[in-house]
Amino acid sequence: MIASTVHSATSAAPPLVGLPTFRLATPADDVFVEELQALAFGPGRFARTAFRVRERFPIDKSLSLIAEIDGHAVASVWMTPISVGGIDGYLLGPLATDPAYRGRGAGKLLVKEVCRMALARGEGSFVLLVGDAPYYGPLGFAPTTLGAIQFPGPVDPKRVLLHSADETLALRLAGPIAAFGAGKRA
């Protein structure tokens, strides 16, 4: 919930009890996010290919969101600006939800909102991730051409998914992951 939490008589109703809301992450959330990622992905998370991308290219803090349920932080998501084949976009993740709150819609809310926010900027054409098609498919993600997008480490090409307003981009996008704006400098 990015809007102010102060409600006047003419403002929208407060969030319903038990339903997830979202807001931008702040520096005060750093410890929560680190602990949540450790819980969700374990100590091997730094060896994962998606983390290698984030080592090379910084996350966009203005696209870092926190989901809350009843005022408690329960999930987080990050976005990293990238380029593939000279086309700018974003790498989603990590998306992590506290196991005690899984299945309540917090993760899906974050995915929908962070994708909407990123693509609404008009600076990137896609959101890319490595994840499970049954979870992300209903959120608008489609499989990419197997092996066409080159990550800085191993990934299962069947788990590389893409969300874009251009429904053909998932099958056309190809090349190594590079810095956001790389195609503009070439």
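Accessible areas here come from the Shrake-Rupley method with a 1.4 Å probe. The model is predicted.

**Exercise 1.** State how much surface the protein chain exposes and what share of it carbon and sulfur atoms supply.

*Solution.* The exposed area of the protein chain is about 9,500 Å². Carbon and sulfur atoms supply 60% of that area. As for the interior, 42% of the 186 residues count as buried.

**Exercise 2.** Decide whether E113 is buried or exposed, and describe its surroundings.

*Solution.* Step one: locate the residue. E113 lies in helix α3, which spans residues 106-120; the chain has 6 helices and 9 strands.
Step two: apply the cut-off. Buried means under 20% relative accessible area. The value for E113 is 17%, so E113 is buried.
Step three: list the partners. The side chains of E113 and R116 are joined by a polar contact of 2.8 Å. Apart from neighbours within four places in sequence, E113 touches F22 and L65.

**Exercise 3.** Which element supplies the largest share of the largest nonpolar core?

*Solution.* Step one: the largest nonpolar core has 25 residues, and M79, L92, L110, V111, Y136 and F141 have the most contacts inside it.
Step two: at least two residues each come from β2 (65-69), β3 (72-84), β4 (87-97), α3 and β5 (127-130).
Step three: α3 gives the largest share, with 7 residues.
Step four: take one core residue. Beyond four places in sequence, the contacts of L92 include M79, V111 and F141.
Step five: a separate second core has 15 residues, among them L162, L169, A170 and L173.

Notes
Residues numbered from 1 in each chain as written. Predicted model: local features only at pLDDT ≥ 70, side-chain atom pairs only at ≥ 80, totals over all residues. Heavy atoms only, no water. Helix = DSSP H or I, 4+ residues; strand = E, 2+ residues; numbered from the N terminus. Buried < 20%, exposed > 50% of the residue type's maximum accessible area, 1.4 Å probe, protein only. Polar contact = N/O pair within 3.5 Å; in protein donor to acceptor, adjacent residues only side chain to side chain. Contact = heavy atoms within 4.5 Å. Core = buried A, V, L, I, M, F, W, Y, C linked by side-chain atoms within 4.5 Å.
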